[in-house]
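Student: Could you take me slowly through a single part of this structure and show me how it sits among its surroundings? I would like to follow the reasoning from one step to the next.

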Amino acid sequence: MDSSGWGSGPPPEGGPGVYPDTEQRPLSYEGVWRFTAPATDASVPQARHAVRDLLARQGVPASDDLVHSLLLIVSELVTNAVRHAALLSPILAVEVAVGAEWVRVSVEDNHPYRPTALVTDHGQTGGRGLLLVREVTREAGGACDVEHTAAGGKVIWAALPLKPARPADPQGLGLPLP
């Protein structure tokens with residue numbers, strides 16, 4: 001994977017000195033990171049591991065459930081790009097954007113076809129990836145969509161609310177914490 005495009009994200013609007021006090025500064029884990037990969041099967045686990053490692057390295061305060069949901073979404077979106085877009089798009093891009101209250105993952109390819117999440121056909125063994133992405137995103141209180149790019153391809157994205165992980169139950173009783 002080519003991670004040369006990883007960065008700390010775009011600077012805030014307003015240019016230098018836009019943060020007169022520390023309360024307005026972005027949190028240390030906020031930013032946008034992007035990497036490219038070949039549209040091959042090997043890129044699916046590589047993308048998943050790269051996103052997991054990025055979230056940990058940046059110290060994103062995400063619960064285990066949120067991380068698992070994000071990794072499932074990345075796996076499904078990269079798999080779809082590999083299976084359905086590789087012929088016209090031999091390279092795909094994965095982007096992770098982290099804000100103070102959300103995490104957005106997206107996969108971009110240069111294939112013009114805009115997929116839709118179809119109704120589940122129980123007779124088929126595949127074809128449920130986007131349905132799964134939509135449901136996981138919905139259950140987490142997030143949003144997902146497909147957008148066209150200026151180059152004629154598409155970006156499929158999912159944004160999930162970022163809720164800091166709750167501390168462990170100190171007595172191990174499974175009771176809600178105050």
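Tutor: In this predicted model, the buried residues of helix α1 are Ser-43, Val-44, Ala-47, Ala-50, Val-51, Leu-54 and Leu-55. Seen down the axis of α1, these residues fall within an arc of 130°, so they line one face of the helix. A general rule helps in reading such a list: an α-helix has 3.6 residues a turn, so residues three or four places apart point the same way. On the other side of α1, by contrast, Ala-56 and Arg-57 are exposed.

The helix itself runs over residues 43-58, which makes 16 residues, and it reaches 22 Å from its first C-alpha to its last, close to the 22 Å expected at 1.5 Å a residue. After α1 comes Gly-59, whose phi is positive, near 70°.

Let us now ask what covers the buried face: the elements over the buried residues of α1 include β1, α2 (64-85) and β2. Ser-43, which lies in α1, is a useful place to begin. Its relative accessible area is 1%, and because buried means under 20%, Ser-43 counts as buried. The C-alpha atom of Ser-43 is separated by 8.4 Å from that of Thr-79, although the two residues are 36 apart along the chain. Ser-43 is also among the residues that Val-78 touches; leaving out residues up to four places away in sequence, Val-78 touches Ser-43, Val-44 and Ala-47, together with Leu-92, Val-94 and Val-107.

Val-78 leads us to the wider setting, since Val-78 and Leu-92 are the residues with the most contacts inside the largest nonpolar core, which has 38 residues. At least two residues of this core come from each of β1, α1, α2, β2, β3 (102-109), α3 (129-139) and β5 (154-161), and α2 gives the most, with 10 residues. As a general tendency, nonpolar side chains in soluble globular proteins are buried together.

The strands that help to cover α1 can be followed in the same careful way. Along β1 (residues 31-38) the side chains alternate, with Gly-31, Trp-33, Phe-35 and Ala-37 pointing to one face and buried, while Val-32, Arg-34, Thr-36 and Pro-38 point to the other face and are not buried. Strand β1 runs antiparallel to β2 (residues 91-98), and 8 bridges join the two. Within this pair, Phe-35 stands opposite Val-94 in β2, and Val-94 is one of the residues touched by Val-78.

Another helix that supplies residues to the core, α3, can be described alongside α1. The buried residues of α3 are Gly-129, Leu-130, Leu-131, Val-133, Val-136 and Thr-137, and they pack against α2, β4 (143-148) and β5. Just after α3, Gly-141 takes a positive phi of about 85°.

Finally, a word on how far to trust the picture. The mean pLDDT of the protein chain is 80, and 71% of its residues reach 70 or more. The value stays under 50, however, over residues 2-22, and likewise over residues 173-178. Where pLDDT is low, the predicted coordinates should not be read in detail.

Methods
Residues numbered from 1 in each chain as written. Heavy atoms only, no water. Buried < 20%, exposed > 50% of the residue type's maximum accessible area, 1.4 Å probe, protein only. Helix = DSSP H or I, 4+ residues; strand = E, 2+ residues; numbered from the N terminus. Pairing = 2+ DSSP bridges. Expected span 1.5 Å × (residues − 1). Arc of directions from axis to C-beta. Contact = heavy atoms within 4.5 Å. Core = buried A, V, L, I, M, F, W, Y, C linked by side-chain atoms within 4.5 Å. pLDDT = per-residue confidence, 0-100.
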